[in-house]
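Reader: I would like to go through a model feature by feature. Please give the general idea each time, then the case at hand.

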Amino acid sequence: MQLISSQMTGYIERASWIRKMFEEGIRLKKEFGEDNVHDFSLGNPDLPPPSTIKEALAELAEQADQPFFLGYMPNFGYPDVRTRLAEEVSKEQGVNVPAECLVITCGAAGALNSVFRAVLEPGDEILTPAPFFVEYGFYADNHSATLKPIPSKPLTFELDLEAIDAAINDKTRVVLINSPNNPTGAVYSREQLDALAAILEKHNAQRERPIYILSDEPYRFLAFDDVNVPSLLDVYTYSIVCSSFSKNLSMAGERIGYALVNPAIKGKEPLIGSIIMANRILGFVNAPALAQKLLGKALGSSVDISIYDARRKAMAAVLDHAGFKYTMPKGAFYFFPEAPGGDDVKFCALLQEEKILAVPGSGFGCPGYFRLAFCVGEDIILRAKDAFARAMKAHSE
Ligand code: PLP
């Protein structure tokens, strides 16, 4: 009996790397104890939410006996939260964003899917720099579109603008970028984004349907060494931002984020209306009521990013000690070093023998590298120092 669709069978295969590592982590921790396994496989923010969340929960508990406290609301979200969010994103983006340009969504994932549903025709293409967040491929499929990965520049992971230009055709509808980047930690400079915008404007001049830049920004808050994360809004008219509070408020399980349509798009109202409609008909209906209310009270606060920065430095020291080649991440909480010998799957197996869990770059459309997430205590990073060095040595023998 065939119980599931053939597409799902294929998905389960494709999703296997992170899942495999997750399962392996459980097995190793059971066998050798939590303290003896160095698990860098998961991008699940481990810092506690900021104190504003606890305070907001206590305040909200007092109101929980009111009718409609957790009831339906307009599909774009609670109007007062939308207004507060508009103030906050206006500061972040350096552009005045009216509340009407925002749709509150079920995380960045909900925002991306709602925007795709609003703008894509079946058969459209989404260009994205590789490596990329693995879910993008599934999201493209959800809307019968094709994800077309464009390899980034080796090791620095800057955009390969010529390759992007060459890949554009009549079916290209979206260029999907993510900065600060998962899995590389790259942050695209204003110069790179200006150059990307110029390429798309050149193509748009020949087309009825504009190419959108969809900027996936859940790590915007997490940039190190005062690096600037430029806003797309004043770089490119047809830009849409998708983001969430999964990482900056450590609320990944609460499913709260937003889509922001560039206020500069002329005639944008049907586009915003379509994203709201998509939010409703994709089955989310609206972002969770409690998460929105929490957000209304906690907006503007954040986890302590100096903790992530200290871990980043600790991890760099550990990798340097062992002799790995990598580019220091400018943002997000990932390293993406070269896999010695070039075979990422083989090298991750070697790391596993040292009880280090890492995800092969192949899982992100970029063989030859591996991803280390530093959503773990600094003590675990430091404890892994000798194990990384041993893996490197074992490879060279
Ligand atoms: N985009 C990127 C690049 C991510 O790394 C993640 C989550 O890890 C998401 C989107 C999804 O974020 P959310 O949990 O807010 O849906």
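The dialogue below takes up helices, a helix pair and some backbone features.

Author: A caution to begin with: this is a predicted model.

Reader: Let us start with helix 4. How many residues does helix 4 have, and what span is expected for it?

Author: Helix 4 covers residues 79-93, which is 15 residues. From its first C-alpha to its last it reaches 21 Å, close to the 21 Å expected at 1.5 Å a residue.

Reader: Which residues of helix 4 are buried?

Author: The cut-off for burial is 20 or more other C-beta atoms within 10 Å. In helix 4, Val81, Arg82, Leu85, Val89 and Gln93 are buried. These residues lie on the same side of helix 4 because the arc they cover around the axis is only 90 degrees. Asp80 and Lys91, on the other side of helix 4, are exposed.

Reader: What covers the buried residues of helix 4?

Author: The cover includes strand 2 (102-105), strand 8 (257-261) and helix 10 (289-298).

Reader: And what is the phi of Gly94, which follows helix 4?

Author: Phi of Gly94 is positive, near 70 degrees.

Reader: How is a pair of packed helices described?

Author: The description uses the angle between the two axes and the distance between them. Here, take helix 3 (residues 51-61) and helix 10: their axes come within 9 Å and cross at roughly 120 degrees. An angle of 65 to 115 degrees would count as roughly perpendicular; helix 3 and helix 10 are therefore oblique to each other. Their crossing is right-handed.

Reader: Which residues meet where helix 3 and helix 10 pack?

Author: From helix 3 there are Thr52, Ile53, Ala56, Leu57, Glu59 and Leu60. In helix 10 they meet Leu290, Lys293, Leu294, Lys297 and Ala298.

Reader: Can we read helix 11 in the manner of helix 4? Which residues of helix 11 are buried?

Author: Helix 11 (residues 305-322) has 18 residues and spans 26 Å between its end C-alpha atoms, close to the 26 Å expected. Tyr308, Arg311, Arg312, Met315, Val318 and Leu319 are its buried residues. Their arc around the axis is only 130 degrees, so they are on the same side of helix 11. On the other side, Ser306, Ala317 and Asp320 are exposed. The buried residues of helix 11 pack against strand 9 (334-335), strand 12 (370-373), helix 13 (378-383) and helix 14 (385-396). Gly323 follows helix 11 with a positive phi, near 90 degrees.

Reader: Turning to peptide bonds, what is omega for the bond from Ser179 to Pro180?

Author: Omega is near -10 degrees, and the bond is cis. Pro180 sits in the loop between strand 5 (172-178) and helix 8 (190-204). Asn182 and Pro183 are also joined by a cis peptide bond, with omega about 20 degrees. Pro183 is found in the loop between strand 5 and helix 8.

Reader: Where are Leu155 and Phe157, and are they buried or exposed?

Author: Leu155 is in the loop between strand 4 (146-151) and helix 7 (161-167), and Phe157 lies in the loop between strand 4 and helix 7. Leu155 counts as partly exposed because it has 15 C-beta neighbours inside 10 Å. Phe157 has 25 C-beta neighbours inside 10 Å and so counts as buried.

Reader: What is phi for Leu155, and what is it for Phe157?

Author: Phi is near 65 degrees for Leu155, a positive value in a residue other than glycine. For Phe157, phi is near 60 degrees and positive.

Methods. Residues numbered from 1 in each chain as written. Predicted model: local features only at pLDDT ≥ 70, side-chain atom pairs only at ≥ 80, totals over all residues. Helix = DSSP H or I, 4+ residues; strand = E, 2+ residues; numbered from the N terminus. Expected span 1.5 Å × (residues − 1). Buried ≥ 20, exposed ≤ 12 C-beta atoms within 10 Å, placed from the backbone. Arc of directions from axis to C-beta. Contact = placed C-beta atoms within 7 Å. Axes fitted to C-alpha atoms, helices over the stretch in contact; angles between N-to-C directions. Parallel < 35°, antiparallel > 145°, perpendicular 65-115°, else oblique. Left-handed = near helix turned anticlockwise from the far one by under 90°.
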